[in-house]
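User: I am new to reading structures. Please walk me through this one and show me how each label is earned.

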Amino acid sequence: MLTLKVITEKTDEVLRGLEKKHFKGAQEAIDKVLELDKKRRAAQNELDKNLAEVNALSKSIGKLMKEGNKEEAESARAKVSEIKEGNKALEAAMNEAAEELQTLLCTIPNLPHESVPEGYGAEDNKVEKMGGVTPQLATDAVPHWDLCKKYDLIDFELGVKITGAGFPVYKGKGARMQRALINFFLDEAREAGYLEIQPPYVVNAASGYGTGQLPDKEGQMYHANEDDLYLIPTAEVPVTNIYRDVILSESELPVMNCAYSACFRREAGSYGKDVRGLNRLHQFDKVEIVRIDKPEHSYESLKEMIAHVENLVNKLELPYRILRLCGGDMSFTSAITFDFEVYSAAQERWLEVSSVSNFESYQANRLKCRYRSGEKKTELCHTLNGSALALPRIMAALLENNQTSEGIRIPKALVPYTGFDIID
C-alpha cells in the first residue's frame, strides 16, 4: 500500500496518479486519509504530552513525601490518576483512527509509473515490440481444442465430469508436453540465476494481504472456509511472502526466485468464445519469477525480467508482441506492467501468456519487507514478478501454429524435454 509519507508529502502527485488509474473517489479517499492521520497524530501528541506530565508528577511525589508535603503528594497522585483515566479515551481514539486509516489505505491502489500511458482499457495499451514469424497455416487448419481431440492430448469433457468446466485432463503426449514446458522454463530460469522454490499451494489470509490479493481479489480466489486458507492464484503469493517481516542486507539484493505451481482462479463472469479450450481455465500451470530489489535498481531488474521472458518465447519459435499497459488496464498493485502475447494462428488472435510487473514499494509496505542499507538504515524494498511462463495459452499456440499434414511439430528447444519431435 502507499506510505503515509508519500500521501502527505506528495498529495497532488498521488491524486494525479490515481486519476491515471481511474480510481473512483480518489479525492475523497485521500482527504479522509489526511484527516484520519491528523486525528491519530493529535491523539498521539496529547498522549506523549500526558506521559511526560505523569513522569514528572511521579518523580515529584517521592520528593514531596520525603519533604513531608503529604497533602501536595496526594494531590499529585490524584492528578496522575486523572491523567491516566483521560489517556484511556485518547488511546481508544488513536487506535480507532489508526485502524480506520489502515483499512482505508488498503483500498487505495498503487500509483502508476510516469511512463505508463493514459488509457481506459486494453485498446489503449501501447505495443512496445513485436517479434517472431507468423506461420502460414493450411486452409484446413483447426484450433487447439480440435487438435487435442484428434491426437487425444487433452480431454475437456472428462475434466467437467471429474470436477467442472475449466479443469482439463492432460493425457499421453499432452501430459508430457506440460511436464516438458515446466522443466524447460525452470531450467531457463535457473540458468538465468533464479533460485528454485517449491512453495505451498494454499496460503493464509496474511499472505494474501501481503501481496495485495486481499482484500481486493478475494472473489477470484478459492477459499477453504473451515481452515481460512486460500488456493494460490499464482506462485507470486507464497514466494513473495517468504520475505514478509524480513529485513534483508543490501548485499543479498537482488533476491531472485522462481517457482512452478498449479494456479487456481475462479474467473467469475468469464464466458463466451474467448474462454474456449485452454484460453481461460480455473486450474493451470505456471512458472513464476520473483525479484526483491533496491529501489534504485528495480527498473534494471524489470528490463532483465522482460528480456528473460522474451528469450523464452523466441526459443519456442512463437510470434509475439510486448505491450506496455495503460493506467486503466493495470492491476491494483502494479506500478508498471508489460504483457506478453503470442499469436494463435488458427484462432487468429493474440493470447496473453505473461505479465511482468514492478510493484515498487507497494507490496513491500504491506509485507514489511525491508533491507538495511550501507548507512544501517532500513528502507522498503521493491518487489517484482512475472510469468515465465503460463502454460495453457503457450500450449494452445504451440499446437495450433505447428500443425502440419504429418502432425504437430515440436520446437527444437523443447525436443530434449519432450523426447519426441512430432505429435502424430
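User: Which residues of helix α7 are buried?

Analyst: Happy to help! This is a predicted model, where local features need pLDDT of at least 70, side-chain atom pairs count only at pLDDT 80 or more, and totals for chains, interfaces and linings use all residues. Residues are numbered from 1 along each chain as its sequence is written, and side-chain values use heavy atoms, with hydrogens and water left out. In α7, the buried residues are Gly174, Met177, Gln178, Ala180, Leu181, Ile182, Phe184, Phe185, Leu186, Asp187, Glu188 and Ala189. Buried means under 20% relative accessible area, exposed means over 50%, and partly exposed lies in between (1.4 Å probe, protein chains only). The helix itself is a DSSP run of H or I with at least four residues, strands are runs of E with at least two, and both are numbered from the N terminus.

User: How do you know what span to expect for α7?

Analyst: The expected span is 1.5 Å times one less than the number of residues. Helix α7 covers residues 172-191, which is 20 residues, and 28 Å is expected. Its first and last C-alpha atoms are 29 Å apart, close to that value. After α7 comes Gly193, with a positive phi near 105 degrees.

User: Why does the span of α10 agree with what is expected?

Analyst: Helix α10 (residues 298-315) has 18 residues, which should span 26 Å, and its end C-alpha atoms are 26 Å apart, so the two agree. Its buried residues include Leu302, Met305, His308 and Glu310. Just after α10, Glu317 has a positive phi of about 60 degrees.

User: What makes a group of residues a nonpolar core?

Analyst: Its members must be buried Ala, Val, Leu, Ile, Met, Phe, Trp, Tyr or Cys residues, joined through side-chain atoms within 4.5 Å. The largest such core here has 60 residues, and Phe185, Leu316, Val342, Ile394, Leu414 and Ile423 have the most contacts inside it. Helix α7 gives the most to this core, with 8 residues. A second, separate core has 19 residues, among them Ile30, Leu104, Cys106 and Phe332.

User: Which residues does Ile423 touch?

Analyst: Contact means heavy atoms within 4.5 Å. Leaving out residues up to four places away in sequence, Ile423 touches Tyr151, Leu153, Lys173, Met177, Leu399, Gly407, Ile408 and Ile410.

User: Why is Gln213 called buried?

Analyst: Its relative accessible area is 7%, which falls under the cut-off, so Gln213 is buried. You can find Gln213 in the loop between α8 (205-211) and β6 (223-224). Its side chain also makes a polar contact of 2.5 Å with that of Thr211. That label needs a pair of N or O atoms within 3.5 Å; within protein, one must be able to donate a hydrogen and the other to accept it, and residues adjacent in sequence count only if both atoms are side-chain atoms.

User: And is Glu19 buried or exposed?

Analyst: Glu19 has 57% relative accessibility, so it counts as exposed. It sits in helix α2 (residues 11-20).

User: What is unusual to look for in the backbone?

Analyst: Most residues other than glycine have a negative phi, and most peptide bonds are trans. Asp152 has a positive phi near 55 degrees. Its 43% relative accessibility is why Asp152 counts as partly exposed. Glu360 also has a positive phi, near 50 degrees, and with a relative accessible area of 21% Glu360 is partly exposed. As for peptide bonds, the one joining Leu253 and Pro254 is cis, with omega about 0 degrees. The bond from Ala388 to Leu389 is cis too, with omega near 10 degrees, and Leu389 lies in strand β16 (residues 382-390).

User: What makes β8 and β15 edge strands?

Analyst: Strands pair if DSSP finds at least two bridges between them. Strand β8 (247-249) and strand β15 (378-380) each pair on one side only. They belong to an open sheet of 3 strands in the order β8-β14-β15, with mixed pairing.

User: How do you know that β8 pairs with β14?

Analyst: Strand β8 and strand β14 (residues 370-372) share 3 bridges, in the parallel sense. The cut-off is at least two, so they pair. Within this pair, Leu248 stands opposite Tyr371 in β14.
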